[in-house]
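Please consider the sequence and the three-dimensional structure shown below. The paragraphs that follow lead through them element by element.

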Amino acid sequence: MYKILLLEDNMSDADLIGREIMKRWPDALLKTVSRLEEAKALILNDNPFDIAIFDLKLPDGNGMDLLSDLRADHIGLPIIILTGVGSEEIATAALKAGANDYIPKKSGFYKIVPEQIEYSVNQARLSSQDMAVLYVEHHQSDVDLTSMYLKKQAPYIHLTKVSTGDEALKLLKAETVLSKKFDVVLLDYRLPGLNALELSKIIRQELKLNLAIVIVTGQGDENTAVEALKIGVDDYVVKHKNYLLRLPSVLTSAYRRKELERQQIELKKSETKYRLLADYAADWEYWMNPQGEYIYISPACLQTSGYPPDAYEKNKNLLTDITLPEYKVLLEKHFLGEVFALHKPIEFQIRTAQGEIKWISHFCRPVYNDDGMYVGKRGVNRDITLQKQAEIELRQSEERFKRLFEDLGDAVFVTRVGEKNMGDILEVNTAAVQQSGYSREELLQMNIIHDLSVPNSGTEISSEDSDQKLLKGKTVTYVEKKRRKSGEEYWTEIIITPIEYKGEKAGLSINRDITDRKRAEQIQQIILNISNATQVAVNLNETMQIIQKELGYLMDTKNFFVALYNKETDRIKLPYFRDEKDDIDDFPAGKTLTALVIKSGQSLLIKSEEAQKLEATGEIERVGIDSEVWLGVPLKIKGEVTGAFVIQSYTNQNAYTEKDKEVLEIISHQISISIERKQKEEELKIALEAAKESDRMKTAFLANMSHEFRTPLNAVIGFSSLIDIDTDTTDAVNFAKLINRSGKNLLDIVDEIFEVTLIERGEVKLLRTRNTVSSILNDVYQIILHRQKNQGESAIRIEQIVSGITGQTEIFTDFDKLKQVLLSLLNNALKFTHDGHIRFGVKLDASNSNFVFFVEDSGIGIAPEKQIAVFDKFQIGDDTRTRIYSGVGVGLYITKKLVNLMGGDIWLESSEGEGSTFSFSIPK
């Protein structure tokens, strides 16, 4: 398709030229303008044209001027000049200015425009190819003139200049078929020594060089021309005026003719060789003219179709005739289609002369001559029956494989093996898409090792070792963990078999999801480990640590606690609590999530949004900081719910699933057993220690009782034996006082033991009345001052302190028991304080619902290890034989029991050597 620019202001001429161009080339692109500036702008902007045609006389100048400007700018666009005057001077001027050709506007000039366009374009194309010319001329002036002209007007022609025929022969003898130095020999007719005709004869007949030869002669006679052409000269130029203008064209034409002649010789040799090859080729080859008639058909058609070549030459439609009906339309469309589409291959079936069905692969291509005209087509028909059968079998095999591939319940990946791109996924089945959560398109862009496998997840073989085994043809099996698109991890059992996939080595990797099996194995192992935990753990806390760690292999247990329920108090105690944000020991059961699990006996998995809704409606109460997800499972002993264990996450709402809940329900039984067993062990240890302590206390109690009874009895018996008729009255009175005091001590001991018995038998009753608090404190104050005086402890300062109450404030309780408690604590303070102070009194607690009584002293204090058991029965601060303080160790025991009986509680704060403070509460 030509792109043509026409610069013409005469619209009639432009229309005639345009019609001829479109008649010759219907798809040509013709741009017509009438002014020089328009043409120049179009050419200089992007020069989109194959050729331009300029008229000479235009409204804004001369076409020759534009030609000169373009050539000065080194623009090589082929240009034809149109002129209304066909003089030689104008033609010469146009060619000198660089025009490729000129056309005089004579009658019917427009008809030759297409030929001139085609010629000029071809010449321009040829002119762009370098041409080596051996120039033989003895006149230096002619040499200089020719060289200067060609350098300027035809720079693609390169001259090698010599002055005699002998010099030329030396250079030409070095020419060989493989080493060609010159394209054309340009000879002056009259040369010294060998003239042009003699030299031409030697070149043709002796050297047998197929070079173009052009002679330049000053004689324009016909005999010279005939003689030159006879000996093989290709052209001659007469040295008349302006002969140099024609010289480039003559040289180029001579060269092209000789090249064409050489190509025709080569083509004939090639055709002979082709026919020889085609005749003996296995494929059925043919040439066909534009009318569809066979020019040549190879003998292979007989073996392929059962019909000889002459059968096809007689019937050009024979191939269509023997084609099976279902393929006839395909074949007809192929042969009747557009010329440029004939090269597309097709496949069809034929029925041979013997009735055999065969598959044919047909391929043909169009053939054009040098002028671009369609002259027929060449084609090949190949028997591909065996190939087709193999393809069908392969397709069936592939379909069977694909069905197996797709129908296999396990995920299947075809992956690349070998160091380069090892593990790249080449193909997957539907199960692989379902298993991984990725689409097929996503998986085909991934690497099974780097993108799906979880590093160091128990793989028994490295990817490099696996790859090497596959390359050696061995099957590889192992177990590893993978990660789904959602981030969830899962276990797979893998079998990889080496295969060939699309011509390259690959691995067929079958991945069975064994997450449930692996989880079941882990659960069994965890149950076993939890069971063993009771054997290796020292205490319940250590047992809980082991349980938390074991569960952590399955799920997030950073926030984990065990809750035990007390029905009597409706409170939940947390013997084990590990949490990132909270620190809780116990809490009221109420409507908490933990209580909901314990009281319903059902596991609960709840996320923050749902929990907040239930909390807003008052269905549950939250304790501590809200988490994103909360999972609680009941602990059951012999079918009875005793508590729960709970895990929660503050950051990941999807940390736990229903599967995790099911797993915990399975494990919870063993956890319950382990907790109960460890609790029983600790209870047995405590009981054992208590028994040992009881035995020790029994021994100490008996020794203490022996000491406490023996001392006053010895005084009673001893001093009573001293009193007789001779005893001094004063001594007798003193002895009687000592006997009385010792008797009272004995009575106090007996009373304490008796009261302990009554308390333990539950026979102590309260007699509540209402009275002012101040009256009770005043009575107690007078009694303790009297006892201080009798004991001679004047160095001790006793103070009564009342805070937040008035003289009219009343209390409803058993006043005798209250006094007994206060006096017992004050007696102890007086007993263990040798100097300093004793303070006692009362105040209201923060809730204003209880009176808090206290007794504070600056005495000897109580050692920390003794404070835990100070309110237990028969506990004394010093149970050695050298102790200096008397007592049987039941005073504080009785005090605590009486306080509890009155609905209160008692506690102490003490530092050894700094004193003690006993406090107890009594409801208002």
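Helices, taken as H or I runs of at least four residues, and strands, taken as E runs of at least two, are DSSP runs numbered from the N terminus. By this numbering, E356 lies in the loop between strand 15 (346–351) and strand 16 (357–368). The structure itself is a predicted model. E356 has a relative accessible area of 44%. Because buried means under 20% and exposed means over 50%, E356 counts as partly exposed. In sequence, 51 residues separate E356 from S305, while in space the two C-alpha atoms are 8.8 Å apart.

The N-terminal part may be approached through its sheet. Five strands in the order 2-1-3-6-7 form an open sheet with parallel pairing. At its edges stand strand 2 (29–33) and strand 7 (101–104), each of which pairs on one side only. On average, neighbouring strands of this sheet are turned by 20 degrees against each other, direction ignored. Within the sheet, four bridges join strand 1 (residues 3–7) to strand 3 (residues 51–55) in the parallel sense. One residue to locate here is L6, whose bridge partner in strand 3 is I53.

Helix 1 comprises residues 11–24. Its 14 residues reach 20 Å from the first C-alpha to the last, close to the 20 Å expected at 1.5 Å a residue. The N-terminal end of helix 1 is capped by N10, a side-chain oxygen of which lies 3.0 Å from the backbone nitrogen of S12. Which residues of helix 1 are buried? They are D13, A14, I17, G18, E20 and I21. Viewed down the axis of helix 1, these buried residues fall within an arc of 165 degrees, and they therefore line one face of the helix. The general geometry is that an α-helix has 3.6 residues a turn, so residues three or four places apart point the same way. On the other side of helix 1, M11, S12, R19 and K23 are exposed.

A further parallel arrangement is centred on strand 8. Five of the six residues of strand 8 (residues 131–136) are buried, so this strand is largely enclosed by the rest of the structure. Strand 8 runs parallel to strand 9 (residues 157–162), to which six bridges join it. V136 has V162 of strand 9 as its bridge partner. Together with helix 6 (residues 140–153), strands 8 and 9 make a right-handed β-α-β unit. Strand 8 is also joined to strand 10 (residues 184–188), by four bridges and again in parallel. In this pairing, Y135 stands opposite L186 of strand 10.

Strand 10 also holds D188. The relative accessibility of D188 is 5%, so this residue counts as buried. Its side chain makes a polar contact of 3.3 Å with the side chain of K239.

Another buried residue is K258, which has its place in helix 10 (residues 243–279). K258 counts as buried because its relative accessibility is 7%. Along the chain K258 is 47 residues from L211, yet their C-alpha atoms are separated by 6.9 Å.

Farther along the chain there is an open sheet of five strands, in the order 19-18-22-21-20, with antiparallel pairing. Strand 19 (425–428) and strand 20 (476–483) are its edges; each has a single partner strand, so one side of each is left without a neighbour in the sheet. From one strand to the next, the twist averages 30 degrees. Eight bridges link strand 20 with strand 21 (residues 489–501) in the antiparallel sense, and in this pairing T477 stands opposite I495 of strand 21.

Helix 21 (residues 540–551) completes the tour. At 1.5 Å a residue, its twelve residues should span 16 Å, and this agrees with the 16 Å between its end C-alpha atoms. Where do the buried residues of helix 21 stand around its axis? The residues concerned are L540, T543, M544, I547, Q548, E550 and L551. They cover an arc of only 165 degrees around the axis, which puts them on the same side of helix 21.

Conventions: Residues are numbered from 1 along each chain as its sequence is written. This is a predicted model: local features need pLDDT of at least 70, side-chain atom pairs count only at pLDDT 80 or more; totals for chains, interfaces and linings use all residues. Side-chain values use heavy atoms; hydrogens and water are left out. The expected span of a helix is 1.5 Å times one less than its number of residues. Buried means under 20% relative accessible area, exposed over 50%, partly exposed in between (1.4 Å probe, protein chains only). The arc is that of the directions from the helix axis to the C-beta atoms. A polar contact is a pair of N or O atoms within 3.5 Å; within protein, one must be able to donate a hydrogen and the other to accept it, and residues adjacent in sequence count only if both atoms are side-chain atoms. Two strands pair if DSSP finds at least two bridges between them. A crossover is right-handed if, with the strands pointing away from the viewer, the path from the first strand over the helix to the second runs clockwise. Axes are lines fitted to C-alpha atoms, for helices over the stretch in contact, and angles run from 0 to 180 degrees between N-to-C directions.
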